[in-house]
Amino acid sequence: MNKPSLCQREHCTGCTACYNICPCKAIEMEIDEKGFWYPRIHTDICIGCLRCEKVCQGLHSLEKNGEGQQYFAFKHKDSQIRSLSSSGGFFTWLSDIILARGGRVYGAVFDRNFRVVHEGTDTVEGRSAMRGSKYVQSYLGDVFSRILVDLKEEKWVLFSGTPCQCEALLLFSGSREKWKRLVTLDFICEGVASPQVFEDFKYQGIVKNKKRGELSFLTFRDKNRYAYKKKPILARRLVMGFQKSNEKNTMEYVFDHLANCRYLDLLFSGCLQRECCLQCKFHDYSRISDFTCGDFHRFKGEASFQDGEGLSEVLVNTALGHQLWNENLEQAEYLSCSKEDVWQPLLTDPVQVDRSLRERFWERYFALGYKKATDLVMPKVYKRMVMQKVFLVWSIMKKMVNR
């Protein structure tokens, strides 16, 4: 019997393609000591078909789309939708197209315990729960298998996820030509953080605020409580809401301010990402998905177009993407941009990482737990953040000189 050999651990994205394609359920996803999912093959059940190898994105890569790519600054015409979105409401605009065609939308949501998981829906209410950035790796489970069922029933499907999740779905489902109604949307990604560390962070917040009630609300980007209009990137801060069971209409909000949100500061310093994120192959203008979106916090175009309510940068990457874009602009306000206009560091380069700092955090985390580990490494994290800003300024100046 042929024994399957998947990619090396440091290249595994935890995409679940191998898990979903196994015909005899010989693969399960196990959580490692950092809280990330990795496949485990039960050789006593495996029949040696090697289907898992064929869909492993650590072993295979799809051809990226670069020719004919278009770039836009985008905002939804409905300001209420933009206020509920992380940026300009592009995901809502695109998902409305799919829902109007009787299709299903798959994206990341918080479950009842505020864990991040991928779910599918054919309702506006279900889709709305998928809005908003979630800086932690989502669990996909059997989502790919469910999408394949929808496609075989000739339904339109929109899948929104990280670039590696989108490629994994395309590898799993077969050639793009086979499924004309599968639409993929990726985003400019900072890397996925450890779900286990996120659980520890939540636990600290819940314990600290137990007198306020139960955790009832959580967001990673809050336009209403931060100076989004002045500086959109400041909205990347965690906000928690707590509610007492006997006070249905009262909620207290807890803000994790710029110098005090340790979870996000650790993430932006490269300490919490999955190992494969540190050598990510998707930081490139050329993309796998039909669309790519991100926050357009570097917009330098017409001042009247940036009203402070949220703006997305959108890359239209494929023929299907161009078709959907050109046919459904009634609810869109947009400006054409150049390739240079939409540049931001994470579009072309992985997150900048201090390996020694990352290793120091995990050593202390395993030995002392989340709180004490962060107490010890945060001064070095803040020093690292200052250095990142210096690198960022240098990158921008270099781009301006080369124009």
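**Exercise 1. The residue after helix 7**

Determine which residue just after helix 7 takes a positive phi.

*Solution.* Step 1. Helices (H or I, at least four residues) and strands (E, at least two) are DSSP runs, numbered from the N terminus. Step 2. Just after helix 7, the residue Gly174 has a positive phi of about 105°.

The model is predicted: local features need pLDDT of at least 70, side-chain atom pairs count only at pLDDT 80 or more, and totals for chains, interfaces and linings use all residues. Residues are numbered from 1 along each chain as its sequence is written, and side-chain values use heavy atoms, with hydrogens and water left out.

**Exercise 2. The surroundings of helix 7**

State how many residues of helix 7 are buried, and identify the elements against which they pack.

*Solution.* Step 1. Buried means under 20% relative accessible area, exposed over 50%, and partly exposed in between (1.4 Å probe, protein chains only). Step 2. In helix 7, 11 of the 11 residues are buried, so this helix is largely enclosed by the rest of the structure. Step 3. Among these buried residues are Pro163, Cys164, Glu167 and Leu170. Step 4. The buried residues of helix 7 pack against helix 1 (17-21), strand 5 (116-121), helix 6, strand 6 (157-160) and strand 7 (182-187).

**Exercise 3. Helix 6 against helix 7**

Describe the crossing of helix 6 and helix 7, and list the residues that make the contact.

*Solution.* Step 1. Axes are lines fitted to C-alpha atoms, for helices over the stretch in contact, and angles run from 0 to 180 degrees between N-to-C directions. Step 2. The axes of helix 6 (residues 143-152) and helix 7 (residues 163-173) come within 10 Å and cross at roughly 55°. Step 3. The two helices are therefore oblique to each other; angles under 35 degrees count as roughly parallel, over 145 as roughly antiparallel, 65 to 115 as roughly perpendicular and the rest as oblique. Step 4. The crossing is right-handed, a term used if the near helix is turned clockwise from the far one by less than a right angle. Step 5. Helix 6 contributes Phe144, Ser145, Ile147 and Leu148 to the contact, and helix 7 contributes Gln165, Ala168, Leu169, Phe172 and Ser173; contact means heavy atoms within 4.5 Å. Step 6. By class, this contact has 6 nonpolar, 3 polar and no charged residues. Ala, Val, Leu, Ile, Met, Phe, Trp, Tyr, Cys and Pro count as nonpolar, Asp, Glu, Lys and Arg as charged, and the others, Gly among them, as polar.

**Exercise 4. The sheet and its helices**

Give the strand order of the open sheet, and name its edge strands.

*Solution.* Step 1. Two strands pair if DSSP finds at least two bridges between them. Step 2. The open sheet is formed by 8 strands in the order 5-4-6-7-11-12-3-13, with mixed pairing. Step 3. Strand 5 and strand 13 (332-337) are the edge strands, each pairing on one side only. Step 4. On average, neighbouring strands of this sheet are turned by 25° against each other, direction ignored. Step 5. Helix 4 (residues 90-100) packs on the sheet, and its direction makes about 155° with that of strand 6. Step 6. Helix 6 also packs on the sheet, touching strand 4, strand 5, strand 6 and strand 7, and its direction makes about 160° with that of strand 6.

**Exercise 5. Strand 12 and its partners**

Establish whether the residues of strand 12 are buried or exposed, and which strands are joined to strand 12.

*Solution.* Step 1. Strand 12 (residues 312-316) is mostly covered, with 5 of its 5 residues buried. Step 2. Ser312, Val314 and Val316 point one way, whereas Glu313 and Leu315 point the other way. Step 3. Strand 3 (residues 70-76) is joined to strand 12 by 5 bridges, and the two run antiparallel; Phe72 stands opposite Val314. Step 4. Strand 11 (residues 291-295) is likewise joined to strand 12 by 5 bridges and antiparallel. Step 5. Phe291 stands opposite Val316, and Cys293 has Val314 as its bridge partner.

**Exercise 6. Tyr38 and Ser5**

Decide whether Tyr38 is buried or exposed, and find which residues are in contact with Ser5.

*Solution.* Step 1. Tyr38 is found in strand 2 (residues 37-41) and is buried, with a relative accessible area of 9%. Step 2. The C-alpha atoms of Tyr38 and Gly14 are separated by 5.4 Å. Step 3. Ser5 lies in the segment before helix 1 and is partly exposed, with a relative accessible area of 47%. Step 4. Leaving aside neighbours within four places in sequence, Ser5 is in contact with Glu53 and Leu59.
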